[in-house]
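Let's take a friendly walk through the aromatic rings and the nonpolar interior of a protein model. Have the structure open as you read.

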Amino acid sequence: MTNTTRLTRRSFGLLAAGGAASLTLGAPSILRAQTAVTFAVPNPSALTWLPYWVAVGEGYFAEEGLDMRLEAIDGSSAVLQAMSAGQAQIGAPGPGPTLGARSRGVDVKFLYNLYPRSVFGILVKDESPAQTPADLKGTVIGVGTADGAEVSFTKAIMTDLGMVEGTDYTFLPVGDGGTAAVGFMRDEVGSYAGAVSDAAILASRGLTLREITPEAYLGFFGNGIAMLESQMAATPDLAPKFGKAMVRGMRFATDPANKEKALAHCAVGNPQEAEQDYAASLYDGVVVRMTPTEAFIGQGYGYQPPEHWQAIHDSAVASGALPEALPDLAAVYSNEFVAGWNA
């Protein structure tokens, strides 16, 4: 049976007790005979991980011989820590944190582009005078967590505008969804950098929001599926099987005739989310962002355009998120399994 465990940063410290405080190379956990697999994700929204829950519900993972368990942790850094500590065989970090981990010697590799269209956006109240990110100079920008992928996404935009964090603007962690709405209502933040799920929840709280993300940055892809190279070597059949089930789940979910059934599968993963009035609209938004653009749909689900990785890498270097350019960016990601997944 697949279970969801929601971990806070505090409880994660117990999970990873005995590990190094910073990300380090970790020995992979060896899959046992029943092929139990832990998949670590940075937030508990089941709809955010739509093809996973569809693949669970439709039995696609079971057909591949995988007994899946999802662990919802707090942010991409915690996901990478869980993988490095051997507590998760697969994770779903953002590309920015993945680049940072790789620069620190973690042998993490991005395998599947889950959100080929940016999952993040910069939102303001409808009545806000801000029309572009340039108008946020001197303001406080709300984010879910201090080290989430939305931070590196937003910092790249602000850096390109010549603004420096702490001098021209500041980030304030206000949580996801509902707690972010409180930040808006109290005027603690004038804008919010969040995911598609956060936008849907904020709208359901009665907040009329506008997105002011520059179009050029909507191509900055979001979270994806990653593994340690050491884990891949120890379990060479895991990535092919996991990705194949995910692609089947995505194909099922994109058929409008399957929407209600797919929503029911996600309700198993997060019953509280399923009861919310934003669930159906969030589903639609997720499907759009998980569908490759016309330029890359022919490559199949999971494909990672090298030019998009280069853009994210260069922005991370320019913003200081990466201390220096990586010597081999191609080592951070791989498209080697994409054709097989989509066959």
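The paragraphs below begin with ring pairs and then turn to the nonpolar cores. Please keep in mind that this is a predicted model.

A pair of aromatic rings is described by the distance of the centres and the angle of the planes. Searching the whole structure turns up 14 aromatic pairs. Take Y52 and W53 to begin with: their ring centres are 5.0 Å apart and their planes meet at 85°, so this pair is edge-to-face, as an angle over 60 degrees counts as such. Both Y52 and W53 are buried.

Now look at W309 and Y333, an aromatic pair that is stacked, with 5.4 Å from centre to centre and 10° between the planes. This pair links distant parts of the chain: W309 belongs to helix α14 (residues 306–319), while Y333 sits in the loop between α14 and α15 (338–342), and the two are 24 residues apart. W309 has 0% relative accessibility and therefore counts as buried. Y333 is buried too, with a relative accessible area of 12%.

Back at Y52 and W53, ring pairs join these two with F39, F61 and F242 into a cluster.

Where do such residues sit in the wider interior? In soluble globular proteins, nonpolar side chains tend to be buried together. Here the largest nonpolar core has 100 residues, and those touching the most other members are F39, L50, Y52, F61, L99, Y112 and F242. Helix α10 (residues 238–254) supplies the largest share of this core, nine residues. There is also a second, separate core of nine residues, and among them are L123, F184, Y192 and L202.

How values were computed:
Residues numbered from 1 in each chain as written. Predicted model: local features only at pLDDT ≥ 70, side-chain atom pairs only at ≥ 80, totals over all residues. Heavy atoms only, no water. Phe/Tyr/Trp six-rings, centres within 6.5 Å; stacked < 30°, edge-to-face > 60°. Buried < 20%, exposed > 50% of the residue type's maximum accessible area, 1.4 Å probe, protein only. Helix = DSSP H or I, 4+ residues; strand = E, 2+ residues; numbered from the N terminus. Core = buried A, V, L, I, M, F, W, Y, C linked by side-chain atoms within 4.5 Å.
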